[in-house]
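Biologist: Please take a close look at one part of this structure, the ligand sites and what is built around them. I am in my first year, so give the cut-off for each term you use.

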Amino acid sequence: MKNTVVVGAQWGDEGKAKITDLLAEYADVIIRYQGGCNAGHTVVVNNETYKFHLIPSGVLYKDKFCFIGAGTVIHPETFLKETEDLKKRGVDLSGLKISPLATVTLPYHIDIDGISENTSGKNKIGTTKKGIGPTYSDKTGRYGIKVQDLFDKELLESRLDAILPLKNKILEKVYESKTYSKEEMLNYCEKYAEIFKPYICNEWIDKLSGFLKEDKKILFEGAQGIMLDIDYGTYPYVTSSSPIGGGAATGSGIGPTYIKNVIGVAKAYITRVGEGPFITELTDKTGETIRNIGGEFGTTTGRPRRCGWFDAVLSRYCTLVGGLTEMAITKIDVFNDFEEIKICTAYKDKRDGKIYKDYPTNINLHKYLEPVYETHKGWKTDISGAKSMEDLPQNAKNYLKRLEELIGIPIKIISVGPDREQTIILENPFK
Ligand code: GDP
Ligand code: IMO
Ligand code: MG
């Protein structure tokens, strides 16, 4: 059993899709287990760029079972657009399947997300406005619509009867927003049931049991990152799902006893989009240089990403709560021209000098904390063509070795450029 989870081990956009795509070649099944179209996952193959939001990043290989699991939220319009765009580009979607238990993002979820963000002033979260929080709130509040509900008119009508009266009151009275009639919602759901029809996998229990029995190789693709996790992230500046390793079990329908490895993907530095604390953030010229060289602009929203030095305190925390067994370090090539590179090894309280080696989860404290850095020499060499460890200059090797020591788990994949080929795989979990 070699089943492997790929999770973001920072605040998202770590290069998970690149790593998923790379490993998908060796897997039989790829499962996206949480999140929705807030994700923006980029895969580059031979200079061709693909941007996925809902669809698993393994879809570029033929003959793989690509499953969108129960832990996800699916926005029908985005799903339609994404599948249409991929089909136009000649991508074979015959292996793409959706769990009937995934939750549907409805138009009012998007309305509420937008209005909440636009009216919250300095208290906004900086969401992607894709309706993620409102959809997950409805799911856990038991006001959600599941994909399977769209195919059962009687059930759908009874769900809408249960949901719409209260939802419309809230939309009208609290959000001063448009309301939705039952007929309008029925039409909407009917239209998208047709779109989902070729993809829905009602036989998912049989399929997944079969894969486990046959010891097929299963790759789980996380979205967002551990620091955006609803329980363990920088709450409330988080997303509304569970990107941690454990989320792969709840979100896919395959229990934790069937998971062997959890690969944490982290950049050689760190970025964040949206609001929330970020102790190693660089608001100076160096931050800008990282942003420009690293192309740090959101895949989903185009927003500039906040950039900072690698934070080993945060990585150790992610290793624990994410259940990480190993790391993939990406974008190390962004430092090709840097004289010096810093790593944060601890935090210091500006008020009394107290040192924190473990991540303090009370984010109110973060404004008093400053990073304690150690400085490493850059390598001033273009490493984007490196194929093995031997091709890396000594200073790059030293930097990676130090990251490994500080995080406490082995680095098994090093990414030196966006393309599938620009990767050093020290150990492949499926081989
Ligand atoms: P994800 O959300 O974790 O899948 O990451 P995104 O796709 O949002 O952002 C990662 C960006 O970095 C994408 O534009 C990738 O093409 C790019 N990328 C991934 N790995 C590397 C790398 O090693 N070096 C460079 N320069 N770019 C990379
Ligand atoms: P991928 O999968 C980076 C951030 C948003 C915001 C917070 C909540 O590409 O790594 P949401 O719309 O989820 O309610 O927003 O989470 N966020 C991401 N940041 N990468 C992502 O996905 C993200 N998905 C959500 O910017 O701060
Ligand atoms: Mg992304």
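Modeller: Gly126 has a backbone N or O atom 3.3 Å from an oxygen atom of ligand 2. This is a predicted model, in which local features need pLDDT of at least 70 and side-chain atom pairs count only at pLDDT 80 or more, while totals for chains, interfaces and linings use all residues. Residues are numbered from 1 along each chain as its sequence is written, chains are lettered from A and ligands numbered from 1 in the order in which they are written, and side-chain values use heavy atoms, with hydrogens and water left out.

A polar contact is a pair of N or O atoms within 3.5 Å; within protein, one must be able to donate a hydrogen and the other to accept it, and residues adjacent in sequence count only if both atoms are side-chain atoms. Ligand 2 has further pairs like the one with Gly126. One of its oxygen atoms lies 2.6 Å from an N or O atom in the side chain of His41, and a polar backbone atom of Val273 is 3.0 Å from an oxygen atom of ligand 2. In total, 21 residues surround ligand 2 (a residue is near a molecule or strand if one of its heavy atoms lies within 4 Å of it), and the closest are Asp13, Lys16, His41, Thr128 and Thr239.

Asp13 also belongs to the metal site. The magnesium ion, ligand 3, has as its protein donors Asp13 (OD) and Gly40 (O), at 2.0 to 2.2 Å. Donors are N, O and S atoms within 2.8 Å of the metal (3.2 Å for Na, K and Ca); water is not among the atoms, so sites may look incomplete. The two donors are 27 residues apart and link distant parts of the chain: Asp13 is in the loop between strand 1 (4-8) and helix 1 (16-24), and Gly40 is in the loop between strand 2 (29-32) and strand 3 (41-45). Helices (H or I, at least four residues) and strands (E, at least two) are DSSP runs, numbered from the N terminus. Gly40 is buried, because its relative accessible area is 11%, whereas Asp13, at 21%, counts as partly exposed. Buried means under 20% relative accessible area, exposed over 50%, and partly exposed in between, using a 1.4 Å probe and protein chains only.

Lys16 is among the closest residues to ligand 1 as well. Ligand 1 is surrounded by 19 residues, of which Gly15, Lys16, Thr42, Asp333 and Ser415 are the closest. Its oxygen atoms come up to the backbone: a polar backbone atom of Glu14 is 3.0 Å from one, and a backbone N or O atom of Ala17 is 2.9 Å from one. A nitrogen atom of ligand 1 lies 2.8 Å from a polar side-chain atom of Asp333.

Lys16 and Ala17 are in helix 1, where nine of nine residues are buried; among them are Ile19, Leu22 and Leu23. Helix 1 lies across strand 1, strand 2, strand 9 (218-221), strand 10 (261-267), strand 14 (326-330), strand 18 and strand 19, at about 165° to strand 1. Helix 7 (residues 204-213) packs on the sheet too, touching strand 2, strand 5 (65-68) and strand 9, and its direction makes about 130° with that of strand 5. Contact means heavy atoms within 4.5 Å. Axes are lines fitted to C-alpha atoms, for helices over the stretch in contact, and angles run from 0 to 180 degrees between N-to-C directions.

The sheet is open, with nine strands in the order 7-5-2-9-1-10-14-18-19 and mixed pairing. Strand 7 (96-98) and strand 19 (423-425) are its edges, each pairing on one side only. Neighbouring strands are turned by 20° against each other on average, direction ignored. Two strands pair if DSSP finds at least two bridges between them. Strand 18 (residues 411-415) pairs with strand 19 in the antiparallel sense over three bridges, and Ile425 in strand 19 is the bridge partner of Ile413.

Strand 2 pairs in the parallel sense with strand 5 over four bridges, and likewise in the parallel sense with strand 9 over four bridges. Val29 has Phe65 in strand 5 as its bridge partner, and Ile31 has Phe220 in strand 9. In a regular strand the side chains alternate between the two faces of the sheet. In strand 2 both faces are covered: Val29 and Ile31 are buried on one side, Ile30 and Arg32 on the other.
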